[in-house]
Amino acid sequence: MATLAYSLGKLEINHYFTIKHAKFISLFLVLVLLLLHSSYRVWNGADSCQWLVSTGRFLGGSVWQPDGCMMHKYSSRDASTCLAGKKVVFVGDSRIRALFIAFISIIASQKQSPIKRHADLSFKDNSSTAQVNFVWSPWTNNSMKESLISLSNAPVKPDALIIGAATWVIKDFKGSAEGLYQYKANLTSMSAALEGLAQHGDVYWHVQEPVNWRALSQSRRMITDEQIDLYNEAAAEALSLGRSPIRSFSVSRLAALQTVNQSSDGLHMPESSVDVGAMAFMNSLCNREVRPIDGSCCQDTPPFTFLQKMALSLFLASTLLFLLFHFVRKLPNRRPVAPDVESLEEKKPATAAGPLGAEAVCGALCRMGLIMVYFYLCDRADVFMKEQKHYSHSAFFIPLINVFVLGLFCCESTKETRVLNREQTDEWKGWMQLVILIYHISGASAFLPVYMHVRVLVAAYLFQTGYGHFSFFWLKGDFGLYRVCQVLFRLNFLVLVLCAVMDRPYQFYYFVPLVSFWFVVIYLALAAWPQIVQKKANNSVLWHLGVLLKLLGVVLLICLYAYSQGLFESSFTAWPFSGLFQVNGNIHEWWFRWKLDRFAVVQGMLFAFLYLLLQKKQALSEARGDALFSAKVSLPLLLLSALSFITYSVWASSCRTKAQCNEIHPYIAAVPILAFILIRNIPSSARSVYSSFFAWFGKISLELFICQYHIWLAADTKGILVLIPGNPALNVLLSSFIFVCVAHEISLITNVLAQLLIPKDTVALLKRLAAVGLLALLLVARGHATSGA
């Protein structure tokens, strides 16, 4: 990803491969991949439930990954809710009993143990009306057939049945051909009963696992892998597995193939493989009802919502209008504009600006519509595959090192050498965003020291938010409505579109609500009377004190909300703002995110104020070739900064729990941030260069952060998008190339629409805001009416 993206960033020196060419290539790749994945599903079947119970592998030896979809890890509460009123039956030998025990252990949230060994067992969940039974039937004989007939005649038939046996038959017949013949004949006679039960619920035949022959007791030595394979083939033929309603359940066998050496008695599989089978069975029963985000197996594409239909209609209408405008403009028989006789120049039509603006808007919305189709196909439609994350140190640190080496090789001289100049801040955003992307795709949140360092990066983004907006308002003194609308539009346009297209609440994309909220806080704090800007303050101590008092007021307000959760919740659940801050009717997520980095923005504002004040007093040496401070000051500050970095890393590595770390984080996050700024800016050699590689990413960092949710990661960041199955390296390379191209195009579309849809004229802007407000109220009313119905 890094190498390809850097090639895109150096367009000005490459006349043969430009960003436009890269986007055409990515569009071609998407179309080819869409065709290939669709063809694969047509020819090989698109039933992810079958993938769940018949395919898979271990990731890193602990996480089970079915082919093409994600398996959810069910809690006791979710399992009880799903199985309420259902009847699940296990029929078979001790291997099926182990699967039964693992299954009910999920419901009970603790490991169960059988009271009797060679007997029927039952489990009744006290928290629901679920009933799970085990029928002891180790032989495929008349006794098993009678049990199936009894289940078929019962007034309440099983919603799911899993059945399997073979080892006792092999043992009793000592692996002879006669035993195999009777086994196949008996299963053939039972197939009608099983197919009858399949009309009322899911019926699975449990494919036999291998054995660890060396660990088998002498009385079981006739049970070999060769015999197991013969009996599995016989069962498949007798029950017409793959052609009848009876499904093959082979996930336990696949897991056992990788763990059979851990079997203590050689016959019964270790808990790790049995638990995989039980969890896969639970997913097959519950995913359609519970619809977990991180459980894409056995889930169908949800029906279109009202907002999705509205978005589709808007994009289609924009496409048609764009084609119409383009066709009219290209007509060869259009009359030329009459020349001005006096000036001998063509007069421009008075309405020329109107159609061009409308065509540009429709063109941008048309491209946005195509991109949203790709988003939907990746993360809502059941077209592309998804996989679960699995953290390993190499998966995080190796790409991290590669990216930083590449970034350091792409250093160039800056146009200006002031502290935190535009190129430097773009670079800062860029490398932080790349670290966060690697952090997300590798699942590094499971490793606490990495988690805490990434928390500092998020705080640094908010620090830059405070620094950048304070600097603008302080230096420009522009508190106009146009500026506010421009900023909020650029921040929120993509997220609002995704909320409609991907059917997600606004707070789901937590970072955008966070920076939008803090921008409003910064604006209100500085725009409130008395408005204090640099020109007005000049050298007045009182005016500067007034700014500090405003910042102190913001800090006090933050503390008030931080230590009064009731006040916080009552403020942010008030209509009409409640919809912006709640997820599934709960404000806890917003409370957590807001509280975690609550001081970062104010710290950025304070740093900007002090820096600009020192700059105004000419107390800093920002010329090229000069250190920021004198040698007596610079060296101690650099040593202190380095020590601060080391101290923070030691603390982050010694933290025991996330809760403990998160409690202290808001108070100390500024330490490594300020240390980085000083190390990056005190030496002239560091301040005078920047990485163009990181800066290119920094310019589209917001789009990268948001787009990763659906077209790089999958299942709303819970998994990984798989465009190239079976080749993780090539898959990441290809999906990253498309992902970066899409993010860059969305950035351009957002900038175009911001210029066209937000006029500088205040009256026109107010009219558009009124129209947007009316539309929002209609949508809210529609939502209330739908929920009420």
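# Loops, helices and buried side chains in a predicted model

Biologist: Which two helices flank the loop that holds lysine 174?

Modeller: In this predicted model, lysine 174 belongs to a loop rather than to a helix. That loop runs between helix H7 (167-172) and helix H8 (177-198), so the two flanking helices are H7 and H8.

Biologist: Is lysine 174 buried or exposed, and what is its relative accessible area?

Modeller: Lysine 174 has a positive phi of about 50° although it is not a glycine. Most residues other than glycine have a negative phi. A residue counts as exposed over 50% relative accessible area, and lysine 174 is therefore exposed, at 63%.

Biologist: Asparagine 538 also has a positive phi; what relative accessibility does asparagine 538 have?

Modeller: The phi of asparagine 538, which is not a glycine, is about 50°, and the residue sits in the loop between H19 and helix H20 (541-562). Because partly exposed covers the range between under 20% and over 50%, asparagine 538 counts as partly exposed, with a relative accessibility of 45%.

Biologist: Which residue forms a cis peptide bond with proline 530?

Modeller: Proline 530 is found in the loop between helix H18 (511-527) and helix H19 (534-537). Most peptide bonds are trans. Here the bond leading into proline 530 is cis, with omega near -5°, and the residue it comes from is tryptophan 529.

Biologist: In helix H18, is serine 516 buried or exposed, and which residues does serine 516 touch beyond four places in sequence?

Modeller: Serine 516 is placed in helix H18, and because its relative accessibility is 7% it counts as buried. Leaving out residues up to four places away in sequence, serine 516 touches Leu488, Leu491, Asn492 and Tyr506.

Biologist: How far apart are the C-alpha atoms of leucine 52 and methionine 71?

Modeller: Leucine 52 is part of helix H3 (residues 48-54), and at 0% relative accessibility it counts as buried. Its contacts beyond four places in sequence include Pro66, Met71, Val251 and Cys298. Although leucine 52 and methionine 71 are 19 residues apart along the chain, their C-alpha atoms are separated by 7.5 Å.

Biologist: How are helices H4 and H5 oriented to each other?

Modeller: The axes of H4 (residues 76-83) and H5 (residues 94-108) come within 6 Å and cross at roughly 105°. Ser76, Ala79, Ser80 and Leu83 of H4 make the contact with Phe103, Ile106, Ile107 and Ala108 of H5, a set that divides into 6 nonpolar, 2 polar and no charged residues. An angle of 65 to 115 degrees is the range that applies, and H4 and H5 are therefore roughly perpendicular.

Biologist: What arc do the buried residues of helix H14 cover around its axis?

Modeller: The 16 residues of H14 (residues 393-408) should span 22 Å at 1.5 Å a residue, which agrees with end C-alpha atoms 22 Å apart. The exposed residues Ile401 and Asn402 are on the face turned away from the buried side. The buried residues are Phe396, Leu400, Val403 and Gly407. They lie on the same side of H14, because the arc they cover is only 70°.

Note on methods:
Residues are numbered from 1 along each chain as its sequence is written. This is a predicted model: local features need pLDDT of at least 70, side-chain atom pairs count only at pLDDT 80 or more; totals for chains, interfaces and linings use all residues. Side-chain values use heavy atoms; hydrogens and water are left out. Axes are lines fitted to C-alpha atoms, for helices over the stretch in contact, and angles run from 0 to 180 degrees between N-to-C directions. Helices (H or I, at least four residues) and strands (E, at least two) are DSSP runs, numbered from the N terminus. Angles under 35 degrees count as roughly parallel, over 145 as roughly antiparallel, 65 to 115 as roughly perpendicular and the rest as oblique. Contact means heavy atoms within 4.5 Å. Ala, Val, Leu, Ile, Met, Phe, Trp, Tyr, Cys and Pro count as nonpolar, Asp, Glu, Lys and Arg as charged, and the others, Gly among them, as polar. Buried means under 20% relative accessible area, exposed over 50%, partly exposed in between (1.4 Å probe, protein chains only). The expected span of a helix is 1.5 Å times one less than its number of residues. The arc is that of the directions from the helix axis to the C-beta atoms.
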